[in-house]
Structures are given as C-alpha cells and as structure tokens.
Amino acid sequence: MENKKELPNKKIIQERYAGYKDVFTEILEKVELDLRKNIKLSSNPTYKARIKSFGSYYKKILRQKAQESSTSDSLVTLTDMIGIRIVCPFVEDLSIVEKQMCELYDVKEVEKKGANQSFREFGYESVHILISVPENCKPTVHVEKPLPEGLVVEIQVRTILQDAWAEVEHELIYKSEFNPFDKPLRRKLASINASLTLADIIFQEIRDYQKKLQNELGTRRNTFYEKADDYSDEILQVSSHVPQPVVKDSEKVDSPFTKGSIDDLVLTALHEHNVGNFDGAIEIYTRILNLKPEPAPVVLSVIFKHRGMAYFAQNMYDNAISDFKKSVESDPKNFRSIYYEGIVNSVQGKDIEAIECFDRSLAIDSFQSHVYYRRSLAYYNLGEYAKAVSDINNAINLGLEDDDVKELKAKLIKKFDMGM
C-alpha cells in the first residue's frame with residue numbers, strides 16, 4: 001500500500017513559529033541597528049524592518065510545498081522571514097550599499113530582481129542580499145534554543161521610486177490575482193514602471209551633475225580665497241598657504257545636460273575658471289548673462305558672482321566689484337557677493353569700504369565665521385584693536401581655528417600686552 005504524504009498541521013506549525021517570535025524580533029532589531037551604524041551614504045537612507053507574519057509564512061510554505069513535519073521540533077526556514085529594506089534616494093546608492101554589505105557581513109547570496117526584464121514588463125527592481133546572522137546580532141533570549149538551521153536575514157536595497165512601485169504592485173497584482181490577459185492594463189502598468197525607471201535615471205544624472213558642479217565650485221572658491229589669503233599673509237607676515245591642487249586641463253568636464261543650456265554653460269565656465277582659462281570663463285559667463293529671454297534674477301545674481309570672481313583672479317578689481325554689486329542688485333540677499341566685494345576692497349587696501357561690506361553681509365547672515373575674521377583683519381589694519389579682538393573672538397566661537405586666526409589673535413594679545 002502506498003504511503004500517503006503527511007499534510008502540514010497548521011496549528012502545530014503556528015505554535016512552533018510563535019516560539020521563535022522573540023528570537024526573530026531581537027535579531028531584526030540588532031541587525032537594523034548595526035546597518036544604521038555601518039552603512040555610510042552621502043544621503044540618508046530610510047530603513048523598514050519586519051518579521052514575516054505567520055499567515056504569509058504558512059502560505060509560502062504551502063506554495064513551495066516545503067516539508068514541514070508536525071512531529072518534529074524543527075522549523076522550516078524561508079529566506080525572507082527576517083527582512084530589512086534599505087530605501088535609498090539614488091541609483092548609485094544601491095551598488096554602494098551592496099559593496100559595503102559584502103565587506104561587513106557573511107553574504108550568502110545577492111540577487112538583482114528585475115534586472116533582466118524588458119521595458120514591456122512591470123515587475124519591480126530590487127537588490128536582495130542574504131546574510132548570515134552576525135555574531136554580534138545573535139539573540140540573548142531563549143539562548144538554550146538553537147537558531148533554526150539555515151536562518152538568514154534578507155536585506156532589500158531599493159531606490160525610493162523602486163520601493164513605491166513595489167508597494168503599489170503588491171496591492172494591484174500580487175494580492176489581487178492579476179489577470180495576465182488584460183493587455184490594456186498591462187500596457188498601463190508597463191508605462192508607469194518605465195516612467196519611474198526613467199525618473200530614477202534622471203535623478204541620478206542630476207545628482208552626478210551636482211557633484212561635478214560642487215567639485216568645480218570648491219576648486220574655484222579655494223583659488224579665490226588663496227588670493228585673499230596672500231594679502232592676509234602680508235599683513236600677518238606669515239608664510240603663504242600651500243596651494244590647492246589645480247584641475248588639469250586634460251580633465252574635461254562632462255555634463256549630462258543639453259549642450260548650450262544654462263546648466264551646461266555654468267559647469268563648462270567653472271571648469272575653464274578652475275584650469276586657469278579666465279578669459280574663456282568670462283566669455284561663457286557673459287554669454288549666459290546675454291541670453292534671451294533674460295535668466296531669472298536669482299540666476300543673474302549667481303552668474304555675476306562667478307564672473308566677478310574670475311575678474312578678481314585676473315586682478316581686474318574694478319570689474320570684479322562691479323559684478324559683485326550687480327549680483328546684489330539682482331538678489332539683495334546674496335550675502336556672499338557682498339562679502340566678496342569686501343575682500344576685493346581689502347586686497348586694494350580699502351579697509352573702511354571693506355568693513356562696510358562685511359557689516360552688510362553679516363546683517364543678512366550673522367553666522368559667517370570667515371567674515372568676522374576678515375573684518376577683524378581690517379580693524380587690525382586700521383589700528384582699531386578692540387573691535388578686532390571682538391571679531392576674532394566671534395570667529396573662534398563660530399568654529400574658525402586655522403593658523404591665520406591664531407596668528408591674528410596672538411598679535412592682538414601682544415598689542416594689549418595681555419600675554420598668554
């Protein structure tokens with residue numbers, strides 16, 4: 001007589017599963033905390049954590065025809081019983097998280113779901129990483145009870161848009177017995193999925209552009225301040241700063257934006273500025289300023305500021321001041337342009353005019369440590385040492401503690417014969 005296959009006893013399996021609830025919960029909380037501490041991204045991800053409900057667990061066992069014995073104490077383990085989702089803003093974050101996971105944990109499997117789908121399909125994309133339970137995340141509750149054999153933690157890594165699509169897909173398709181023959185509906189879903197995928201790509205392109213822009217801005221800003229610092233060194237009689245690395249001319253900048261657009265022109269101009277081609281940078285800034293229709297006032301303010309810095313780099317001080325003034329005319333709240341005008345005045349030895357600019361800049365934003373330092377330097381140069389001391393203390397209180405600040409503070413202390 002043929003033996004009948006023993007069917008799962010739901011009640012026994014539920015009791016067995018419930019017996020591990022506290023164990024799974026402790027592992028989940030510890031792994032999530034460990035991930036939050038160790039995963040490093042430039043933008044903050046969102047974490048979602050859950051223990052698989054018994055209802056979902058049991059349905060999956062039945063679907064997979066798992067051999068769950070009612071008489072054994074063992075528990076059939078599924079890979080997604082303990083799940084944590086890391087939701088990241090940008091596509092680039094997915095590979096960064098995956099790399100860090102592989103370095104931090106014992107990774108059993110990495111699966112990139114949806115990677116091979118055509119554009120006509122509407123399944124979600126996601127990176128699924130299975131890790132062994134880390135030693136430092138193992139439970140302290142029910143320690144006499146061994147962990148189920150093969151227990152892993154599933155880490156899903158998605159972008160915000162991938163996660164949004166997965167949530168909607170779960171409701172529309174997975175839970176509602178979606179009819180695969182409903183072609184119009186399939187086309188609509190495929191279109192939505194394609195739009196979300198395209199949006200993720202565009203967000204990443206913008207992110208890449210911003211990074212390039214910030215790198216170019218940082219290099220250009222350092223060059224601008226180095227020139228101002230040379231003047232400061234003359235007053236303080238200290239050695240000049242070590243020059244910042246200059247972008248090589250061969251390192252061409254690639255812009256993801258339409259050639260000739262404002263974004264593309266700005267990035268190109270900044271690059272030309274940073275490699276020392278000031279005439280080329282000024283020509284591009286001027287082209288932007290002459291665009292028709294005229295750019296918005298806030299854009300004009302930024303471009304005038306950039307061109308002013310290029311003029312300053314060529315010792316064309318009158319042109320620089322003129323552009324900084326136009327920048328403020330376009331945007332009266334542009335305190336940095338006012339500050340830069342003050343720096344140009346300082347370099348020309350016009351300390352009174354410089355102080356007036358620093359006053360106006362601080363009136364808009366009083367938390368500028370460098371402005372207090374520059375104004376202190378101007379007061380020192382004018383022999384107004386009490387005001388200089390007040391400003392240098394404000395700069396230090398706001399966290400500015402470089403060698404120039406310390407040198408100026410020491411000179412002021414010596415003026416008052418205060419000692420150290």
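Of the 420 residues in the chain, 44% are buried. The structure is a predicted model, and its secondary structure comes to 15 helices and 5 strands. The chain exposes about 23400 Å², and carbon and sulfur atoms supply 52% of that area. Contacts also link stretches that lie apart in the sequence: among contacts with a separation of 6 or more, 68% join residues 24 or more positions apart.

A good place to begin exploring the fold is the sheet. The 5 strands form an open sheet with mixed pairing, and a walk across it meets them in the order E1-E2-E5-E4-E3. Strand E1 (46–51) and strand E3 (107–113) stand at the edges; each has a single partner strand, so one side of each is left without a neighbour in the sheet. From one strand to the next, the twist averages 15°.

It helps to recall how such an arrangement is held together. Strands of a sheet pair through backbone hydrogen bonds, and the pairing is either parallel or antiparallel. In this model, strand E2 (residues 82–88) and strand E5 (residues 152–159) offer an example of the parallel sense, with 6 bridges between them. One residue pair can be picked out by eye: Val-87 has Arg-158 in E5 as its bridge partner.

The sheet also has a helix to look for. Helix H4 (residues 91–104) lies across E2, E3, E5 and strand E4 (126–132). Relative to E5, helix H4 runs at about 160°. Strand E5 is thus a handy landmark for the reader, being paired with E2 and crossed by H4.

Methods
Residues numbered from 1 in each chain as written. Predicted model: local features only at pLDDT ≥ 70, side-chain atom pairs only at ≥ 80, totals over all residues. Heavy atoms only, no water. Pairing = 2+ DSSP bridges. Helix = DSSP H or I, 4+ residues; strand = E, 2+ residues; numbered from the N terminus. Axes fitted to C-alpha atoms, helices over the stretch in contact; angles between N-to-C directions. Contact = heavy atoms within 4.5 Å. Buried < 20%, exposed > 50% of the residue type's maximum accessible area, 1.4 Å probe, protein only. Areas by Shrake-Rupley, 256 points an atom, 1.4 Å probe, with all protein chains shown as cover.
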